[in-house]
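Hi,

Here is the structure I said I would pass on. Have a look at it first, and then read my notes below.

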Amino acid sequence: MSSDYKVRKGPPPTSEPFHKQHFLKLPPSTSRILRPNNSSTVISYRYENQKRRDWNTFGQYLRNHRPPLSLSRCSGAHVLEFLRYLDQFGKTKVHTQLCPFFGHPNPPAPCPCPLRQAWGSLDALIGRLRAAFEEHGGKPENNPFGARAVRLYLREVRDSQAKARGISYEKKKRKRPPQQHNPASLMPPQALLESTTSASNHDQ
Ligand SMILES: [Zn+2]
């Protein structure tokens, strides 16, 4: 799905005669070789790709931040702000304690409880951003993604979602139209997080 996003951004490939002919000329054996058979290669490629996109999303978040915020001034508190901001793109129903379905894994009816980012998605995201920060020259001791406040927050989210029995509304995600007038919709954080939700099975 991330590749779809990229392909759509470019100009539509109306006619690429050379490319097509070249492709069609490939003998079957060659095309088989071109296919990535090694699943671990695919996974690490996806991870790197995802990490780069997460890093770009966070950079965009900093650029849109009011008051302006530079990476060097970024603290754990700002990372928490970022995580809470991402909740608006969440797909996981987390029941409040007042909801009659609080603690129910399979509620029989809809309820007005908010959708949030699943703990597993946030946890994986923080792991990637933490690595990206150091790859971009940040010092481990200054890493805002490794801050104690962030660790505590993630633990709190995990525990509260486990109690509320947050359930993921995966089927609805395709039908939701993009939020047009929200400046934040310039970034596709939901796409960033969706793929990690399926990749990380430690949600429950
Ligand atoms: Zn509810």
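**What I found**

Leu71 is partly exposed, as 15 other C-beta atoms lie within 10 Å. Leu71 belongs to the loop between α4 and α5. Its C-alpha atom is separated by 8.0 Å from that of Gly59, and the two residues are 12 apart along the chain. The loop between α4 (39-64) and α5 is also the place of Pro67. Have a look at the bond before that proline: Arg66 and Pro67 are joined by a cis peptide bond, with omega at about -5°.

**The whole chain, and how far to trust it**

Keep in mind that this is a predicted model. The average pLDDT of the protein is 75, and 63% of the residues score at least 70. Residues 169-192 have a pLDDT below 50, and in the model this stretch has 25 contacts beyond near neighbours in sequence. Residues 194-204 also stay under 50 in pLDDT, and there the model has 19 contacts beyond four places in sequence.

As for the layout, the protein has eight helices and three strands. Going from the N terminus, you will meet them in the order α-α-α-α-α-β-β-α-α-β-α. Of the 204 residues in the protein, 22% are buried. If you take the contacts between residues at least 6 apart in sequence, 77% of them join residues at least 24 apart.

**Helix α5 and its partner**

Which residues of α5 are buried? They are Val79, Phe82 and Leu86. Looking down the axis of α5, you will find these buried residues within an arc of 55°, so they line one face of the helix.

Now bring α7 into view. The axes of α5 (residues 76-86) and α7 (residues 148-164) come within 8 Å and cross at roughly 35°. On the α5 side, the residues that meet α7 are Gly76, Ala77, Val79, Leu80 and Leu83, and on the α7 side they are Arg148, Ala149, Val150 and Tyr153. Sorted by class, this contact of α5 with α7 has seven nonpolar residues, one polar and one charged. Val79 is worth clicking on, as it is one of the buried residues of α5 and also takes part in the meeting with α7.

**Helix α7 from both sides**

α7 has 17 residues, and from its first C-alpha to its last it reaches 24 Å, close to the 24 Å expected at 1.5 Å a residue. Its buried residues are Val150, Val157, Gln161 and Ala164. They sit on the same side of α7, because they cover an arc of only 65° around the axis. What covers them? The cover includes α5 and α6 (119-135). Turn the helix around and you get the face away from the buried side, which carries the exposed residues Arg148, Leu152, Arg155, Glu156 and Asp159.

Let's zoom in on Gln161, which lies in α7. Is Gln161 buried or exposed? A residue counts as buried when 20 or more other C-beta atoms lie within 10 Å of its own. Gln161 has 23 of them within 10 Å, so it is buried. Its C-alpha atom is 6.3 Å from that of Val94, although Gln161 and Val94 are 67 residues apart along the chain. Just after the helix comes Arg165, which has a positive phi, near 55°.

**Helix α6**

α6 has 17 residues, which should span 24 Å at 1.5 Å a residue, and its end C-alpha atoms are indeed 24 Å apart. The list of buried residues in α6 includes Trp119, Leu122, Leu125, Ile126, Leu129 and Phe133. You will also find Arg128 and Arg130 among them. α6 is followed by Gly137, with a positive phi, near 95°.

**One more loop**

Finally, go to Phe101, in the loop between β1 (92-93) and β2 (115-116). Phe101 is partly exposed, with 19 other C-beta atoms within 10 Å. Leaving out residues up to four places away in sequence, Phe101 touches His95, Pro107 and Cys111. From Phe101 to Cys111 it is 10 residues in sequence and 8.1 Å in space, C-alpha to C-alpha.

Have fun looking around!

Conventions: Residues are numbered from 1 along each chain as its sequence is written. This is a predicted model: local features need pLDDT of at least 70, side-chain atom pairs count only at pLDDT 80 or more; totals for chains, interfaces and linings use all residues. Axes are lines fitted to C-alpha atoms, for helices over the stretch in contact, and angles run from 0 to 180 degrees between N-to-C directions. Helices (H or I, at least four residues) and strands (E, at least two) are DSSP runs, numbered from the N terminus. Two residues are in contact if their C-beta atoms, placed from the backbone, lie within 7 Å. Ala, Val, Leu, Ile, Met, Phe, Trp, Tyr, Cys and Pro count as nonpolar, Asp, Glu, Lys and Arg as charged, and the others, Gly among them, as polar. The expected span of a helix is 1.5 Å times one less than its number of residues. A residue is buried if 20 or more other C-beta atoms lie within 10 Å of its own, exposed if 12 or fewer, and partly exposed in between; C-beta atoms are placed from the backbone. The arc is that of the directions from the helix axis to the C-beta atoms. pLDDT is the predictor's confidence in each residue, from 0 to 100.
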